[in-house]
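Student: Before we accept any label attached to this model, I would like to ask what each one rests on. Could we set the values against the cut-offs, one by one?

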Amino acid sequence: MKFHKGRLKFVLPLSVGVAIASNIMLVNNYQEVPDQSRIFIVIGATLLTAVISYFLFPQDGDNPDDRGPY
């Protein structure tokens, strides 16, 4: 499998959205979480989202059996 730049149009907005949403949720609902732990949680959620979304949005040619539209 090779790196596809076309996937970044899905991966980046999802990652940014998860980072913002998780930060807002942690600030509003979990004030007792220390700031350093909060940062690690946001980074972990963002990276996990990026990896999962990269593999869930396939591009043309990912499957060697694909022959394209007929």
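Tutor: Let us begin with the nonpolar patch, to which helix α1 (8-29) and helix α2 each supply at least two residues. The largest share, 3 residues, comes from α2. Please keep in mind throughout that this is a predicted model.

Student: Which residues form the nonpolar patch, and how much accessible area do they have together?

Tutor: The patch on the surface is formed by Phe10, Leu14, Leu48, Ile52, Leu56 and Phe57, which together have about 540 Å² of accessible area.

Student: What makes phenylalanine 10 eligible for such a patch, and why is it called partly exposed?

Tutor: Phenylalanine 10, found in helix α1, has a relative accessible area of 34%. A patch residue needs over 30%, so phenylalanine 10 with its 34% passes that cut-off. Partly exposed covers the range between 20% and 50%, and the value of 34% therefore earns phenylalanine 10 that label as well.

Student: How many aromatic pairs does a search of the whole structure find, and why is the pair of tyrosine 54 and phenylalanine 55 given its particular name?

Tutor: The search finds 1 aromatic pair. In that pair, the ring centres of tyrosine 54 and phenylalanine 55 are 5.3 Å apart and their planes stand at 85°. Centres must lie within 6.5 Å for rings to pair, and planes over 60 degrees apart count as edge-to-face, so the rings of tyrosine 54 and phenylalanine 55 are an edge-to-face pair.

Student: Is tyrosine 54 buried or exposed, and how do you know?

Tutor: The relative accessibility of tyrosine 54 is 13%, and buried means under 20%, so tyrosine 54 counts as buried.

Student: How many salt bridges are found in the whole structure, and what makes the contact of aspartate 35 with arginine 38 a salt bridge?

Tutor: There is 1 salt bridge. The closest N and O atoms of aspartate 35 and arginine 38 are 3.4 Å apart; the cut-off is 4 Å, and the contact therefore qualifies as a salt bridge.

Student: How are aspartate 35 and arginine 38 placed along helix α2, and is each of them buried or exposed?

Tutor: Because they are 3 residues apart in helix α2, about one helical turn separates aspartate 35 from arginine 38. Aspartate 35 has 54% relative accessibility and counts as exposed, since the limit for that label is over 50%, whereas arginine 38, at 13%, counts as buried.

Student: Why is valine 42 called buried, and which residues is it in contact with, leaving aside its neighbours within four places in sequence?

Tutor: Valine 42, whose place is in helix α2, has a relative accessible area of 14%; with the limit set at under 20%, valine 42 is therefore buried. Leaving aside neighbours within four places in sequence, valine 42 is in contact with Ala19, Ser22, Asn23 and Leu26. Although valine 42 and alanine 19 are 23 residues apart along the chain, their C-alpha atoms are separated by 5.7 Å.

Student: What about serine 22, one of those contacts: is it buried or exposed, and where does its side chain reach?

Tutor: Serine 22 lies in helix α1 and is buried, with a relative accessible area of 13%. Its side chain reaches the backbone oxygen of valine 18 at 2.8 Å.

Student: In helix α2, what labels do threonine 46 and isoleucine 41 receive, and why?

Tutor: Threonine 46 has 17% relative accessibility and so counts as buried, while isoleucine 41, at 42%, counts as partly exposed, because its value lies between 20% and 50%. Setting aside neighbours within four places in sequence, threonine 46 is in contact with Ser15, Val18 and Ala19, and isoleucine 41 with Leu26 and Val33.

Student: What can be said of the chain as a whole, in helices, strands and buried residues?

Tutor: The chain has 2 helices and 0 strands, and buried residues make up 20% of its 70 residues. Among contacts between residues at least 6 apart in sequence, 70% join residues at least 24 apart. The accessible surface of the chain comes to about 5,600 Å², and 66% of that belongs to carbon and sulfur atoms.

How values were computed:
Residues are numbered from 1 along each chain as its sequence is written. This is a predicted model: local features need pLDDT of at least 70, side-chain atom pairs count only at pLDDT 80 or more; totals for chains, interfaces and linings use all residues. Side-chain values use heavy atoms; hydrogens and water are left out. Buried means under 20% relative accessible area, exposed over 50%, partly exposed in between (1.4 Å probe, protein chains only). Contact means heavy atoms within 4.5 Å. Rings of Phe, Tyr and Trp (its six-membered ring) pair if their centres lie within 6.5 Å; planes under 30 degrees apart count as stacked, over 60 as edge-to-face and the rest as tilted. Patches are made of residues with over 30% relative accessible area and no salt bridge: like charges are joined within 9 Å, nonpolar side chains (Val, Leu, Ile, Met, Phe, Trp, Tyr) within 5 Å. Accessible areas come from the Shrake-Rupley method with a 1.4 Å probe; for residues, only the protein chains shown count as cover. A salt bridge is a side-chain nitrogen of Lys or Arg within 4 Å of a carboxyl oxygen of Asp or Glu. Helices (H or I, at least four residues) and strands (E, at least two) are DSSP runs, numbered from the N terminus. A polar contact is a pair of N or O atoms within 3.5 Å; within protein, one must be able to donate a hydrogen and the other to accept it, and residues adjacent in sequence count only if both atoms are side-chain atoms.
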